[in-house]
Amino acid sequence: MPKNTKVTQREHSNEPVTESVADLLSLEHPMDYKSSQMSMGLSPGSTAPVKALIPSPDPDAEDGRPAWNNKLEYILAQVGFSVGLGNVWRFPYLCQKNGGGAYLVPYFILLLLIGIPLFFLELAVGQRIRRGSIGVWNYVCPQLGGIGVSSLMVCGFVGLYYNVIIGWSIFYFFQSFQYPLPWAECPIQRNGSQAIVEPECEKSSATTYFWYRQTLNITSSIDDTGGLNWKMTLSLLVAWILVCLAVIKGIQSSGKVMYFSSLFPYVVLFCFLVRGLMLKGAVDGIAHMFTPKLEKMLEPQVWREAATQVFFALGLGFGGVIAFSSYNKRDNNCHFDATLVSIINFVTSILATLVVFAVLGFKANIMNEKCVVDNAEKILGFLNTGVLSKELIPPHINFSHLSAQDYTEMYGVIKTVKEDSFDQLGLDACVLEDELNKAVQGTGLAFIAFTEAMTHFPGSPFWSVMFFFMLINLGLGSMIGTMTGITTPILDAFKIRKEILCVACCIIAFLLGLLFVQRSGNYFVTMFDDYSAGLPLTVVVILENISVAWIYGTKRFMQDLEDMLGFRPYAFYYYMWRFVSPAVLVVLIISTVIEMAVSPAGYNAWVEAEGAERFHSYPPWALAMAYSLIVVAMLPLPLVFIVRHFNLISDGSNKLSVSYRKGMMKDISNLEEQDEQRFILSKKLSEAPSPMPAHRAYLGPGGTQEMTNTNYGTSTKTGYQNIGSPESEL
């Protein structure tokens, strides 16, 4: 045995010597000299291949960690998680609001600068370390282990209200199996022999009334809870049952669900696109959508909203991406996966935008025609009563076949002649562009605007069933990723049956979700959507970026990727991770904080008497609740840093995956045997070639100048912080 080993030191010294993994292995696996170079008849200057000395079975096969059945399941899971409701009702709104086709330019640029690099980073660390979000960041940097906890808490907050939206979709799905659709017309109230239209519906619209009154039965303010809405409570229960069944067996069950939930929305989107293009006015909607307003590209707000959308579209920071990739084999090409999923996500957003504005173009034409008919009747009344002279009407205009162009011409003449008293006539311009400019997003798009458009489709119940079934599947795919981001770190840390954990999580989430199915629940959904995820997730992702690029080291990480993938990633990623992505995220955080400080904190309340929404500021208790969501989500970051900086709790660095421990033990065992052979042959270690290909010098992004590793030491002394030890490999 070499004289400088700690085992030999312990024999000649009474002082305590800290045992390393290598020492323990040298005791458990003594050197077999029959397989040494001397016994093999090798020349003194030659070395035997390490693989010939100790066979290395596949560590993934010995891990015991569940694995995807095939690559397709994994890709569909990542696509299902990243492609969600935001692609259907958030991206089209941002595209319309921020310059149409011009918005695609900053979005695509930021997708390249922060989207794909950070998505690749999360895939790589999850696949390499084979742990959930908590285990991954405990390993990379224990003092920043709060990243995983914050990520888990944000997943919990988002999952609570996100499943409520799935519950709404389930309610509309079952309501769609009737003709005519229940939101096609306003309900009629009968007072004896007299029938009158419901006043609240008459002041708004049939679809708006059905959403606010029949579905949510909403109160007029957040202060008035109104009690539970039992229809929504049952819908939420069904939603959580579906989610529980999908994730109860882990990836073995969710992987099968993804075959349908990830692919079916594309079938529906293509069907809607084909049907939408056949509708009158669809081309007007698409043309309006993609007509670029280049001046918008110069506005900082456009770039900020594009960065935010890129950030959330890929599901960065939630932990679902890391959890899914942790079930991959360590040699899986995660670079290809990151690029593929990002492109699919972008193309899906474009496809959804085409569908939405083809249908909204059709709806705008219908609303514009209705406006023309209503105002033409007003003009006829003014002509019959003598308020307007018949000479004002151009001779070629026929009121029985009045086109939008004819009305625009007649409107212009009347406005010019009756300039002084024109406002008293109460005529509308009925401009198609104005209808197309009415931007709607979120629930307003899915449950009001799009729903109203479908009432005019031939066979409207069929299209309504398809649409809301698509929303259910989009939401279910995202919820599976969110739940996996919650359960995987817990299963990694504690020995508990996944079935018991999943059922317990779903029951607890359902009970907490009752907050959102009160009559005022929609206001809490808005609050959680605005405050629980935005800023905390941005902070989480920038800390992920910093911990890998600056604490663990970009050079080391690039080398790890080369060892894992078999090729060196492009130097592009080196500069993105180290410089560009952190800078963009810092700007995004600053702009988000400024917007929160400048914009009034409030919500849009439904006023029953007016049949319209009005902005209300949050009362003090609600404002405190909103800001507490941010504080609670980010609280683990400083807490974990403090307790680990002062060594108050274990850093958890020894809780690595089985494959990592076995891989490190094999590497160290190989190194010990090489040292034993060189000691017997009286060779200096410096003369012998290193058996550790994972520790060769990394030549940096250009590959020309050798870069040596740097020891980023902290007060917490763990194995991964020794650059020269096998544990240092991510």
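# Chat notes on the chain

Colleague: What does Asn 647 count as: buried, exposed or partly exposed?

Modeller: Asn 647 counts as partly exposed, because its relative accessibility is 49% and buried needs under 20%, exposed over 50%. Bear in mind that this is a predicted model.

Colleague: Noted. Where is Asn 647 in the fold?

Modeller: Asn 647 sits in the loop between α30 and α31.

Colleague: And what is phi of Asn 647 near?

Modeller: Phi of Asn 647 is near 55 degrees, which is positive although the residue is not a glycine.

Colleague: What about Leu 648, buried or exposed?

Modeller: Leu 648 has a relative accessible area of 58%, so it is exposed. Its place is also given by that loop, between α30 (636-645) and α31 (658-680).

Colleague: Which residues make the nonpolar surface patch with Leu 648?

Modeller: The patch is made by Leu 648 together with Phe 641, Ile 642, Phe 646 and Ile 649. Its area is about 510 Å².

Colleague: Let me step back. How many helices and strands are in the protein chain?

Modeller: The protein chain has 31 helices and four strands.

Colleague: What share of its residues count as buried?

Modeller: Of 730 residues, 55% count as buried. The accessible surface is about 32,000 Å², and carbon and sulfur atoms account for 62% of that.

Colleague: How much of the contacts comes from residues 24 or more positions apart?

Modeller: Taking contacts with a separation of 6 or more, 79% are between residues 24 or more positions apart.

Colleague: Now α24. How many residues does it have, and how far does it reach?

Modeller: Helix α24 covers residues 460-493, which is 34 residues. From first C-alpha to last it reaches 50 Å, close to the 50 Å expected at 1.5 Å a residue.

Colleague: Why call α24 largely enclosed by the rest of the structure?

Modeller: Because 29 of the 34 residues of α24 are buried.

Colleague: Give me one. What does Asn 473 touch?

Modeller: Asn 473 is in helix α24 and is buried, at a relative accessible area of 4%. Not counting residues up to four places away in sequence, Asn 473 touches Phe 260, Ser 261, Phe 264 and Pro 265.

Colleague: How many aromatic pairs does the count come to?

Modeller: The count comes to 57 aromatic pairs. One of α24's residues takes part in an edge-to-face pair: Phe 272 and Trp 463, 5.2 Å centre to centre with 65 degrees between the planes. The pair links distant parts of the chain, with Phe 272 in helix α15 (residues 264-277) and Trp 463 in helix α24, 191 residues apart.

Colleague: Are those two rings on buried or exposed residues?

Modeller: Phe 272 is buried at 2% relative accessible area. Trp 463 counts as buried too, at 12% relative accessibility.

Colleague: Different topic. Where does Arg 65 lie, and what does Arg 65 touch?

Modeller: Arg 65 lies in the loop between α4 (59-63) and α5 (71-82). It counts as buried, at 14% relative accessibility. Leaving out residues up to four places away in sequence, Arg 65 touches Arg 130, Arg 131, Gly 132, Ser 326, Tyr 327, Thr 488 and Asp 492.

Colleague: How far apart are the C-alpha atoms of Arg 65 and Arg 130?

Modeller: They are separated by 8.4 Å, with the two positions 65 residues apart along the chain as the spacing.

Colleague: And what is phi of Arg 130?

Modeller: Arg 130 has a positive phi of about 60 degrees and is not a glycine. Arg 130 lies in the loop between α8 and α9 (133-140), and it is buried, with a relative accessible area of 2%.

Colleague: Since α8 came up, which residues is Leu 110 in contact with?

Modeller: Leu 110 lies in helix α8 (residues 104-129) and counts as buried at 6% relative accessibility. Leaving aside neighbours within four places in sequence, Leu 110 is in contact with Gly 115, Trp 303, Ala 306, Ala 307, Val 310 and Val 584. Leu 110 and Trp 303 are 193 residues apart in sequence and 8.3 Å apart in space, C-alpha to C-alpha.

Colleague: Last one. Is the peptide bond from Tyr 179 to Pro 180 cis or trans?

Modeller: That bond is cis, with omega near -5 degrees. Pro 180 lies in the loop between α10 (146-175) and β1 (188-191).

Key. Residues are numbered from 1 along each chain as its sequence is written. This is a predicted model: local features need pLDDT of at least 70, side-chain atom pairs count only at pLDDT 80 or more; totals for chains, interfaces and linings use all residues. Side-chain values use heavy atoms; hydrogens and water are left out. Helices (H or I, at least four residues) and strands (E, at least two) are DSSP runs, numbered from the N terminus. The expected span of a helix is 1.5 Å times one less than its number of residues. Buried means under 20% relative accessible area, exposed over 50%, partly exposed in between (1.4 Å probe, protein chains only). Patches are made of residues with over 30% relative accessible area and no salt bridge: like charges are joined within 9 Å, nonpolar side chains (Val, Leu, Ile, Met, Phe, Trp, Tyr) within 5 Å. Accessible areas come from the Shrake-Rupley method with a 1.4 Å probe; for residues, only the protein chains shown count as cover. A salt bridge is a side-chain nitrogen of Lys or Arg within 4 Å of a carboxyl oxygen of Asp or Glu. Contact means heavy atoms within 4.5 Å. Rings of Phe, Tyr and Trp (its six-membered ring) pair if their centres lie within 6.5 Å; planes under 30 degrees apart count as stacked, over 60 as edge-to-face and the rest as tilted.
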